[in-house]
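Welcome! Here is a short guided look at a protein, with its cysteines, one buried spot and its inner spaces as the stops along the way.

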Amino acid sequence: MNPQVRSTTFEAVVETIRPPQGDGWDYLVIAAIFASILALAYAAFATPLLQPLVDIARRQHWTLLWVRPTVIWITMGMVLLFLRTVLWLLYRPFAPVRTEEAPSLTVVIPAYNESAMVEHAIASVVAAHYAHDRLQIIAVDDGWVTPVRLPANLGKRGALAEGFRRASGEIIVTVDSDSVVERGALLAIAGPFRDPRVGAVAGKVAVHNRRAGLIPRMLHVRFILSFDYLRSAQSVFRTVYCCPGALAAYRASVARRALPAWERQRFLGAPCTFGEDRALTNDILALGYDTVYQRSAVVHTVVPETYGKLCRMFLRWDRSYIREEFRFARIVWKRPPFPRLFALYESSITNLRYPVAYASIALWAVNALTDPVALVRMLLAIMVVSLVYVLYYLRSERSWDFVFGILYAYFSFFALTWIFPYAALTLRARGWLTR
C-alpha cells in the first residue's frame with residue numbers, strides 16, 4: 001500500500017475517535033446533566049413525588065418494610081448515576097493501530113439461512129481499512145473468504161466455536177451476519193490489544209435500519225445509551241460486562257483457553273444456546289483479563305421492526321442476563337480492588353431495581369384506584385427520568401432523534417415490563433425464538 005494512502009487512512013480513523021469537542025453545546029449538555037441529577041435528587045426527597053408511597057405506608061404498616069429500603073435504594077441509585085457520569089466523562093477511546101503495524105486478524109461471521117445481509121456483512125469487512133494479507137474472513141466463499149460448512153445446525157455458539165478453531169489471526173473479531181462494519185472499525189478495535197492485559201473489546205453498535213419504523217428509531221437511542229454511556233463508564237474500570245456479538249474482538253490465545261468450557265456451558269442442567277457474547281465475556285474476565293469498550297469501532301446492525309420480534313429478542317437477552325449475572329457474582333471477586341468494588345456496587349444497585357420497580361408499580365397501581373393523581377405523578381416521573389438520560393444521548397449524537405428515547409421510556413413501561421419476570425420463570429428455555 002502507498003505510504004501516503006496509509007497515512008491518510010490512519011488519520012481518517014483517528015478523526016473518528018476524538019472526544020466530543022469542548023464547544024458551548026458540549027459544556028451546556030454536561031452542565032445540564034449534573035443539574036438534572038441534582039434536580040432528580042431534589043424531586044425524590046424534597047417534593048411530593050414519592051408521597052403516595054408514604055401515604056400507603058402510613059395506612060398499611062406492612063408496606064414500611066418495603067418503603068424504607070426503597071428510599072435507601074433510590075439514594076444509592078442517585079450516587080451510582082453520579083459516579084457513572086464521572087466515569088463517562090473520563091472515558092477516552094484507544095488509538096487505532098496503524099495499517100503497517102496491524103496484527104493478523106480473523107473475522108468470524110456466523111450465519112444461518114443466509115440472507116442478503118450476509119453479503120453486506122462480508123462486503124463491509126472486505127472494504128474495511130485493513131491489510132488483506134493480515135486479514136482472514138471465515139464465513140462464505142467468495143475467492144479469499146474461507147467457507148465453513150457445518151454438517152448440522154449447531155447454533156450460533158457452535159458456529160463461532162468452529163470459526164475460533166480455524167482462525168489464524170492474533171485477534172479474532174466476531175461480526176453478526178445482519179451487521180455491517182464501518183471502514184475504520186477493524187483498525188480501531190485492534191487498538192486496545194496493545195495492552196497485554198486486554199482480553200476482549202466491545203465495539204459500538206448502532207441501528208442499521210433505524211429509519212424503518214418507530215421501534216428501530218427507539219432502539220437506536222437505547223443502543224447509543226447502552227454503549228456510549230454505560231460501556232464507556234465500564235471501560236474506565238476495565239470491566240465491560242458484555243462484548244456484543246454484533247462487533248467484539250478477542251485475543252485469540254485467551255479465547256481459545258476459554259473455548260472448551262464456553263462450548264459445554266450448561267445452566268440448570270440445560271445446554272446454553274444463546275447469550276454466547278455475555279458468556280464469553282465472563283469467561284475472559286474469569287481468566288483475569290480486562291474487557292474494554294472502543295467507541296470508534298462502529299457496527300450497524302439490523303434490529304426488530306415488529307413488537308413480536310422485539311419481545312423475542314429481549315426474552316433471549318434477559319434470560320442470558322440473569323444466567324450470567326449469577327456467574328459474574330462469583331467472577332467479580334477475581335477483579336482488581338477498584339474494579340471489584342465498583343462492579344459489586346453497580347451490579348447490586350442495578351439488580352435491586354427489579355424488585356423495587358415491580359413493587360413500586362404494584363403500590364402505585366393500588367394507590368391509583370383511590371387517587372387518580374398518582375397515575376399522573378407516575379407518568380411525570382417517567383418523563384423526568386427519560387429526559388435526564390436523553391441528555392447523554394445528545395452529547396453523543398446531536399439529533400432530534402432524542403425524542404424517541406422519551407417515547408421508548410413509556411413504551412418500555414407499558415409494553416415490555418412483563419418480559420423480565422417471564423424470562424426469569426423460563427430460564428431453562430433453549431430456543432432462539434427467531435427460527
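C242 is buried, with a relative accessible area of 15%. Please keep in mind that this is a predicted model. The next residue to look at is C243, which also counts as buried, at 0% relative accessibility.

How many disulfides does the structure hold? The count is zero. For C242, the closest cysteine sulfur is that of C243, and because the two sulfurs are 6.9 Å apart, they are too far from each other for a bond. A disulfide needs its two sulfur atoms within 2.5 Å. Seen from the other side, C243 is in no disulfide either, and its nearest cysteine sulfur belongs to C242. In general terms, a disulfide is a covalent bond that joins the sulfur atoms of two cysteines.

Now let us turn to a residue in a helix. A233 sits in α8, which covers residues 214–236. Is A233 buried or exposed? With 1% relative accessibility, A233 counts as buried. Leaving aside residues up to four places away in sequence, A233 touches R84, L87 and W88. A233 can also be paired with Y293: the two are 60 residues apart in sequence, and their C-alpha atoms are 9.0 Å apart in space.

The last stop is the empty space inside. Rolling a probe the size of a water molecule over the atoms shows where such space is left. Here, two cavities of 30 Å³ or more are counted. The table sets them side by side.

| Cavity | Volume | Nonpolar lining residues | Polar lining residues | Charged lining residues |
|---|---|---|---|---|
| Largest cavity | about 90 Å³ | seven residues | one residue | four residues |
| Second largest cavity | about 50 Å³ | five residues | two residues | two residues |

The largest cavity has 12 lining residues, and those nearest its centre are P271, C272, R323, L427 and A429. The elements giving two or more residues to this lining are β9 (270–271) and α11 (307–331).

Which residues line the second largest cavity? They are L160, F164, T174, G245, Y250, W262, E276, D277 and L280. At least two residues of this lining come from each of α6 (155–166) and α10 (276–286). Of the elements around the second largest cavity, α10 gives the most, with three residues.

Conventions. Residues are numbered from 1 along each chain as its sequence is written. This is a predicted model: local features need pLDDT of at least 70, side-chain atom pairs count only at pLDDT 80 or more; totals for chains, interfaces and linings use all residues. Side-chain values use heavy atoms; hydrogens and water are left out. On a 1 Å grid over the protein atoms alone, a cavity is a set of points where a 1.4 Å probe fits but cannot get out, and a pocket is an open set with protein on both sides within 12 Å along at least five of seven lines; lining residues have an atom within 4 Å of a point. Grid points are joined across faces, edges and corners, and a volume is the space filled by probe spheres set on the points. Helices (H or I, at least four residues) and strands (E, at least two) are DSSP runs, numbered from the N terminus. Ala, Val, Leu, Ile, Met, Phe, Trp, Tyr, Cys and Pro count as nonpolar, Asp, Glu, Lys and Arg as charged, and the others, Gly among them, as polar. Buried means under 20% relative accessible area, exposed over 50%, partly exposed in between (1.4 Å probe, protein chains only). Contact means heavy atoms within 4.5 Å.
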